[in-house]
Amino acid sequence: MSRIGKLPINLPAGVSVTVNKDNSVVVKGPKGELTQQIDAEIKVSVEENKVVLERPSDQKRHKAMHGLYRSLVNNMVIGVTEGYKIEQELVGVGYRATSKGQLLELALGYSHLIHMEIAPEVKVTAVTEKRANPIITLESCDKHLVGQVAAKIRSFRKPEPYKGKGIKFVGEQLRRKAGKSAGK
């Protein structure tokens with residue numbers, strides 16, 4: 001049995017969950033509203049302050065979808081109550097980040113600046129303190145979207161294994177390699 005799928009999702013105060021006829025789940029809370037389309041074979045029911053997902057059989061496909069959709073709905077509930085936050089650090093000489101509203105401007109050692117328009121659901125801030133690496137903070141109630149935006153920003157300059165230069169997540173441990181050996 002799917003251990004994740006059979007767990008009920010507890011709803012905190014101020015969160016409401018509705019299931020539409022087309023099996024889409026709408027979660028409303030203090031930080032926003034999220035919608036997720038659920039497979040037609042997975043049954044979603046709201047009982048008191050809990051959301052329960054049930055599958056029709058023990059087929060491998062049904063077990064996989066059961067756990068997946070339970071995790072997605074749980075992430076939506078956490079998102080509308082607490083929200084998700086990702087911090088990224090720019091490591092490198094001359095690397096800069098500035099944010100003007102939803103426009104993120106990055107200087108990453110290329111001959112040009114990189115301008116990135118961030119989705120309106122994601123709040124972006126860029127902080128540069130003296131003698132410290134610039135930090136980009138992304139906040140949203142949608143876990144999938146904030147992760148996708150963070151991955152796109154990181155793809156502009158992935159951290160390299162020799163000096164560690166690039167865009168990395170705050171607290172991330174990079175695997176470092178030894179450079180060339182000194183001459184004999």
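Residues 12–83 are 31% helix and 36% strand, with end C-alpha atoms 14 Å apart. Residues 91–168 come out at 17% helix and 37% strand, and there the end C-alpha atoms sit 8 Å apart. Both spans come from an unreviewed UniProt entry, which lists them under "domain: Large ribosomal subunit protein uL6 alpha-beta"; positions follow the numbering used here, the feature name is shortened, and such annotations may be inferred rather than shown by experiment. Helices (H or I, at least four residues) and strands (E, at least two) are DSSP runs, numbered from the N terminus.

This is a predicted model, where local features need pLDDT of at least 70, side-chain atom pairs count only at pLDDT 80 or more, and totals for chains, interfaces and linings use all residues. Residues are numbered from 1 along each chain as its sequence is written, and side-chain values use heavy atoms, with hydrogens and water left out.

**Hairpins** (strands pair if DSSP finds at least two bridges between them)

- Strand E3 (residues 24–29) runs antiparallel to E4, joined by six bridges.
- Just two residues separate E3 and E4 in their hairpin, and serine 24 has glutamine 37 in E4 as its bridge partner.
- E9 (residues 103–107) and E10 also pair in the antiparallel sense, over four bridges, with leucine 103 partnered to glutamate 117.
- Six residues lie between E9 and E10 in their hairpin, where glycine 109 takes a positive phi near 85°.

**Buried or not** (buried is under 20% relative accessible area, exposed over 50%, partly exposed in between, with a 1.4 Å probe and protein chains only)

- Side chains alternate along E10 (residues 114–117): Ile114 and Met116 share one face and are buried, while His115 and Glu117 point to the other and are not.
- Serine 99 belongs to strand E8 (residues 96–100) and is partly exposed, at 26% relative accessible area.
- Valine 127 is 28 residues from serine 99 in sequence, yet 8.8 Å away C-alpha to C-alpha.

**The largest pocket** (on a 1 Å grid over the protein atoms alone, an open set of points where a 1.4 Å probe fits, with protein on both sides within 12 Å along at least five of seven lines; lining residues have an atom within 4 Å of a point)

- The largest pocket has a volume of about 200 Å³, meaning the space filled by probe spheres set on the points.
- Its lining includes Leu34, Asn75 and Lys143.
- Strand E4 (32–37), helix H1 (60–81) and helix H2 (143–155) each give two or more residues to the lining.
- Domain 1 (4–82) and domain 2 (84–169) each supply at least three lining residues; the bounds come from an automatic or database domain assignment.
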